[in-house]
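Me: Please take a close look at the aromatic side chains of this model and describe how they are arranged and how open they are to the surface. Please then relate that account to the rest of the chain, with the reasoning behind each classification.

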Amino acid sequence: MYNLINYLIMSNLINELLKAAHHYTVVDFGIFKICLFTFGILFGTYFYTFFEKHILVFWVIAILAWMFIMIQTIRYIRKP
């Protein structure tokens, strides 16, 4: 029961966040990307030794994520 309640709460939260994101402008998304980029640099700075030990894993994740986004973009472009 607890898992179902958590799922419903998270589902509602995600839906509300998606509705809000539909109102974002290009500038809003730009600032959001700057925010994520900055957090990435901060995490990389604080956890340098961890990232250095697992660099191959992070490259694989980055390449797979990039491929997924490119495939999705091409699929959305081809959709009528």
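Reply: Phe51 has a relative accessible area of 25% and therefore counts as partly exposed, because that class lies between the limit of under 20% for buried residues and that of over 50% for exposed ones. This assignment, like the others below, rests on a predicted model. Phe50 falls in the partly exposed class as well, with a relative accessible area of 42%. Together with Phe58, Phe50 and Phe51 make up one aromatic cluster.

The wider picture of ring pairing is as follows. A pair of aromatic rings is described by two quantities, the distance of the centres and the angle of the planes. The structure contains 5 aromatic pairs. One of them joins Tyr24 to Phe29, with 5.3 Å from centre to centre and 65° between the planes, an edge-to-face arrangement. A second joins Phe50 to Phe51: the ring centres are 5.6 Å apart and the planes meet at 65°, so this pair, too, is edge-to-face. The reasoning is that an angle over 60 degrees places a pair in that class, provided that the centres lie within 6.5 Å. As for accessibility in the pair of Tyr24 and Phe29, Tyr24 is partly exposed at 42%, and Phe29 is partly exposed at 39%.

Aromatic residues also take part in a surface feature. Trp59, Trp66 and Phe68 are among the residues that form a nonpolar surface patch of about 1,300 Å². Its other members include Ile55, Leu56, Val60, Ile63 and Leu64, as well as Met67 and Met70. Membership of a patch requires over 30% relative accessible area, so the residues in it are not buried. Phe68 itself is located in helix H4, which covers residues 55–78.

Helix H4 also contains Gln72. Gln72 is buried, because its relative accessible area of 16% is under the 20% limit. The side chain of Gln72 makes a polar contact of 2.7 Å with the side chain of Arg75.

A charged contact occurs elsewhere in the chain. Side chains of opposite charge can pair when their charged atoms come close. In the whole structure, 1 salt bridge is found. It links Lys19 to Glu16, with 3.5 Å between the closest N and O atoms. Both residues lie in helix H1, 3 residues apart, or about one turn of the helix. Glu16 is partly exposed, at 47% relative accessibility.

Helix H1 also holds Leu13, a partly exposed residue at 41%. The C-alpha atoms of Leu13 and Ala62 are 27 Å apart, with 49 residues separating the two along the chain. A further reference distance starts in helix H2, at Thr38. From Thr38 to Ile74, 36 residues away in sequence, the C-alpha to C-alpha distance is 28 Å. Thr38 has a relative accessible area of 37% and is thus partly exposed.

Confidence should be read alongside this account. The chain has an average pLDDT of 88, and 94% of its residues score at least 70. The lowest mean, 79, belongs to helix H1 (residues 2–21), whereas the highest, 94, belongs to helix H2 (residues 26–46). The salt bridge between Lys19 and Glu16 therefore lies in the helix of lowest mean confidence.

How values were computed
Residues are numbered from 1 along each chain as its sequence is written. This is a predicted model: local features need pLDDT of at least 70, side-chain atom pairs count only at pLDDT 80 or more; totals for chains, interfaces and linings use all residues. Side-chain values use heavy atoms; hydrogens and water are left out. Patches are made of residues with over 30% relative accessible area and no salt bridge: like charges are joined within 9 Å, nonpolar side chains (Val, Leu, Ile, Met, Phe, Trp, Tyr) within 5 Å. Accessible areas come from the Shrake-Rupley method with a 1.4 Å probe; for residues, only the protein chains shown count as cover. A salt bridge is a side-chain nitrogen of Lys or Arg within 4 Å of a carboxyl oxygen of Asp or Glu. Helices (H or I, at least four residues) and strands (E, at least two) are DSSP runs, numbered from the N terminus. Rings of Phe, Tyr and Trp (its six-membered ring) pair if their centres lie within 6.5 Å; planes under 30 degrees apart count as stacked, over 60 as edge-to-face and the rest as tilted. Buried means under 20% relative accessible area, exposed over 50%, partly exposed in between (1.4 Å probe, protein chains only). pLDDT is the predictor's confidence in each residue, from 0 to 100. A polar contact is a pair of N or O atoms within 3.5 Å; within protein, one must be able to donate a hydrogen and the other to accept it, and residues adjacent in sequence count only if both atoms are side-chain atoms.
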